[in-house]
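Biologist: Please pick one helix in this model and give me a close look at its packing. Start with how you judge helix crossings, then move on to that helix and its surroundings.

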Amino acid sequence: MPDQIEARILALLTRDADLTSAAIGEAVGLSASAAHRRVSQLRARGLIEGYRAVLSKSARGDPTIVMVNVTLRDQRQETMVAFEREIVGCPEIRECYLMSGEADYILHVEVTRDDSYERVHREILAQLPGVTRLASHFVIREVISRS
């Protein structure tokens, strides 16, 4: 569990991962070297898993975003493992969540302008191991995203 200063550092980095140690230190009342040590400790403790660039929708090819509810034929471990192993190699699938409720999984799928969701549905999603039902929901507009 992060202390108060670490929590403030994490909040700062969540908003802007490019902050320098000097900027972090100034914001939380530490020297640049002390801020750098704190960030290194947060990484070592697994509270920071990494940094990545958040690409704009236009940089990703202005994709159509589709949230897909996936129902598997059963919830045996081997069925779920086979499904999860296969989706890792599908670049169209941006996120996958194991769910409670009606759907077994929810997928965040992105289809670029030069592709079609019909092809992704037919050639990729419907071919995944154990899939018995797909329910697709097209995103009309992104209201908030906290990547």
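Modeller: Two elements count as roughly perpendicular when the angle between them is 65 to 115 degrees. Keep in mind that this is a predicted model.

Apply that range to helix H2 (residues 21–28) and helix H3 (residues 32–44). Their axes come within 7 Å and cross at roughly 100 degrees. That angle falls inside the range, so H2 and H3 are roughly perpendicular to each other. Ser21, Ala22, Ile24 and Gly25 make the contact from the H2 side. Ala32, Ala35, His36 and Val39 meet them from H3.

Ile24 gives a useful reference point for the next stop. The C-alpha atom of Ile24 is separated by 44 Å from that of Ser116. Along the chain, the two residues are 92 residues apart. Ser116 sits in the loop between S3 and H5. With 32% relative accessibility, Ser116 is partly exposed. A polar atom of the Ser116 side chain lies 3.1 Å from the backbone nitrogen of Arg119.

Now the close look: helix H5, residues 117–124. Which residues of H5 are buried? They are Tyr117, Val120 and Ile124. Around the axis they span an arc of only 75 degrees, so they sit on the same side of H5. What do these buried residues pack against? Their partners are three strands: S1 (64–72), S3 (105–111) and S4 (131–138).

Tyr117 deserves its own check. The relative accessible area of Tyr117 is 12%. Buried means under 20%, so Tyr117 qualifies.

Tyr117 also brings us to the aromatic rings. Ring centres must lie within 6.5 Å to pair. By that rule there are two aromatic pairs. One joins Phe83 and Tyr105, with ring centres 4.5 Å apart and planes at 35 degrees, so it counts as tilted. This pair links distant parts of the chain. Phe83 belongs to helix H4 (residues 77–87) and Tyr105 to strand S3, 22 residues apart. Phe83 and Tyr105 are both buried.

The other pair is Tyr117 with Phe138. Here the centres are 5.3 Å apart and the planes stand at 80 degrees, so the pair is edge-to-face. Tyr117 is in helix H5 and Phe138 is in strand S4, so the pair ties together parts that are 21 residues apart in sequence. Tyr117 is buried, whereas Phe138 is partly exposed at 47% relative accessibility. So strand S4 turns up twice around H5: the buried residues of the helix pack against S4, and Phe138 of S4 pairs with the Tyr117 ring.

Strand S1, another packing partner of H5, has loops worth a look. Asp62 lies in the loop between H3 and S1. Its phi is positive, about 45 degrees, although Asp62 is not a glycine. Asp62 is partly exposed, at 31% relative accessible area.

Asp74 lies in the loop between S1 and H4. Asp74 has a relative accessible area of 19%, so it counts as buried. Its side chain makes a polar contact with the side chain of Thr79, at 2.6 Å.

Key. Residues are numbered from 1 along each chain as its sequence is written. This is a predicted model: local features need pLDDT of at least 70, side-chain atom pairs count only at pLDDT 80 or more; totals for chains, interfaces and linings use all residues. Side-chain values use heavy atoms; hydrogens and water are left out. Buried means under 20% relative accessible area, exposed over 50%, partly exposed in between (1.4 Å probe, protein chains only). Helices (H or I, at least four residues) and strands (E, at least two) are DSSP runs, numbered from the N terminus. The arc is that of the directions from the helix axis to the C-beta atoms. Contact means heavy atoms within 4.5 Å. Rings of Phe, Tyr and Trp (its six-membered ring) pair if their centres lie within 6.5 Å; planes under 30 degrees apart count as stacked, over 60 as edge-to-face and the rest as tilted. A polar contact is a pair of N or O atoms within 3.5 Å; within protein, one must be able to donate a hydrogen and the other to accept it, and residues adjacent in sequence count only if both atoms are side-chain atoms. Axes are lines fitted to C-alpha atoms, for helices over the stretch in contact, and angles run from 0 to 180 degrees between N-to-C directions. Angles under 35 degrees count as roughly parallel, over 145 as roughly antiparallel, 65 to 115 as roughly perpendicular and the rest as oblique.
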